[in-house]
Amino acid sequence: VQLQASGGGLVQPGGSLRLSCAATGSIFSINEMGWYRQAPGKQRELVATIATRGMTNYADFVKGRFTISRDNAVNTMYLQMNSLKPEDTAVYYCNADIKLTSYVPELDYWGQGTQVTVSS
C-alpha cells in the first residue's frame, strides 16, 4: 500500500493550489485521512483531517482558506488551498489510517510529501 501525494508547486501569494493524495494497493478500508505540513526548521503540524463519512477538522491557520475532501470510490483525498500566504510554504504530507483486511487493525501510512512554495 502506498500514498502518493501530488499537486504541489510554486504559486504567488493569494493564489491557489489543489493537492491530491491517492492510496493504492490492496486496501480493505480507509478510516481517517489527513494533511500535515513541515516548514524548514519547524516541526510537522496538522493542517486538516477528514473522516470516512466526511467530518472535517482544520487547523486555525487554514480555516476559511483550505478545504479538505475525499473520494472514497477511488481512495483519494484532496486539499484545495486558496488565498495562499508565504507562511504556507512547506512540504505537505498526506496521512491515512488503512485496514488491509477485515481481520487486522488499521495501520498508519504516510505519503512522500509534495513541496508548496508561496512566493512572488
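This note sets out, point by point, the main features of a predicted model.

1. The four-stranded sheet. Four strands make up an open sheet in the order S1-S3-S8-S7, with antiparallel pairing. Its edges are strand S1 (2-6) and strand S7 (66-71), each of which pairs on one side only. From one strand to the next, the twist averages 15°. As general background, the strands of a sheet pair through backbone hydrogen bonds, in either a parallel or an antiparallel manner.

2. Pairing at the two edges. At one edge, S1 and S3 are joined in the antiparallel sense over five bridges, and Gln-2 has Thr-24 in S3 as its bridge partner. At the other edge, S7 pairs with strand S8 (residues 76-81), again in the antiparallel sense, over six bridges. Within S8, Tyr-78 is the residue that stands opposite Ser-69.

3. The two faces of S1. Strand S1 has a covered face formed by Leu-3 and Ala-5. Its uncovered face holds Gln-2, Gln-4 and Ser-6. Gln-2, named above as the partner of Thr-24 in S3, thus belongs to the uncovered face.

4. The run of S4, S5 and S6. Strand S4 (residues 29-38) pairs with strand S5 (residues 45-50) in the antiparallel sense over five bridges. S5 also pairs with strand S6 (residues 56-58), in the antiparallel sense and over three bridges. Ala-48 of S5 appears in both pairings: Trp-35 stands opposite Ala-48, and Ala-48 stands opposite Tyr-58 in S6.

5. Glycines in the hairpins. The hairpin of S4 and S5 has six residues between the strands, and Gly-41 takes a positive phi near 80° there. In the hairpin of S5 and S6, five residues lie between the strands, and Gly-54 has a positive phi near 105°.

6. Positive phi outside glycine. Most residues other than glycine have a negative phi. Two residues deserve a reader's attention in this respect. Asn-75 has a phi near 50°, a positive value in a residue other than glycine, and is found in the loop between S7 and S8. With 24% relative accessibility, Asn-75 counts as partly exposed. Ser-83 likewise has a positive phi near 50° and is not a glycine; Ser-83 lies in the loop between S8 and S9. Ser-83 is partly exposed, at 42% relative accessibility.

7. The disulfide. The model contains one disulfide, formed by Cys-21 and Cys-94, with their sulfur atoms 2.2 Å apart. The torsion about the S-S bond is about 70°, so this disulfide is right-handed. Cys-21 belongs to strand S3 (residues 17-24) and Cys-94 to strand S9 (residues 90-99), so the pair ties together parts that are 73 residues apart in sequence. Both Cys-21 and Cys-94 are buried.

8. The nonpolar core. The largest nonpolar core has 32 residues, of which Trp-35, Leu-79, Met-81 and Tyr-92 touch the most other members. At least two residues of this core come from each of S1, S3, S4, S5, S7, S8, S9 and strand S11 (114-118). S9 gives the most, with five residues. Trp-35 has already been met as the residue opposite Ala-48 in S5.

9. The salt bridges. Four salt bridges are counted in the model. One of them joins Glu-45 to Arg-37, with the closest N and O atoms 2.8 Å apart. Its two ends differ in burial: Glu-45 is partly exposed at 32% relative accessibility, whereas Arg-37 is buried at 6%. Lys-63 and Asp-60 meet in another salt bridge, at 3.2 Å from N to O, and Asp-60 is exposed, with 64% relative accessibility.

10. A buried pair and its network. Asp-88 forms a salt bridge with Arg-65, where the closest N and O atoms are 2.7 Å apart. Asp-88 lies in the loop between S8 and S9 and Arg-65 in the loop between S6 and S7, so the pair ties together parts that are 23 residues apart in sequence. Asp-88 counts as buried at 1% relative accessibility, and Arg-65 counts as buried at 10%. Which residues are linked in a network of salt bridges? They are Arg-37, Glu-45, Arg-65 and Asp-88.

Terms used
Residues numbered from 1 in each chain as written. Predicted model: local features only at pLDDT ≥ 70, side-chain atom pairs only at ≥ 80, totals over all residues. Heavy atoms only, no water. Pairing = 2+ DSSP bridges. Axes fitted to C-alpha atoms, helices over the stretch in contact; angles between N-to-C directions. Disulfide = S-S within 2.5 Å. Buried < 20%, exposed > 50% of the residue type's maximum accessible area, 1.4 Å probe, protein only. Core = buried A, V, L, I, M, F, W, Y, C linked by side-chain atoms within 4.5 Å. Salt bridge = Lys/Arg side-chain N within 4 Å of Asp/Glu carboxyl O.
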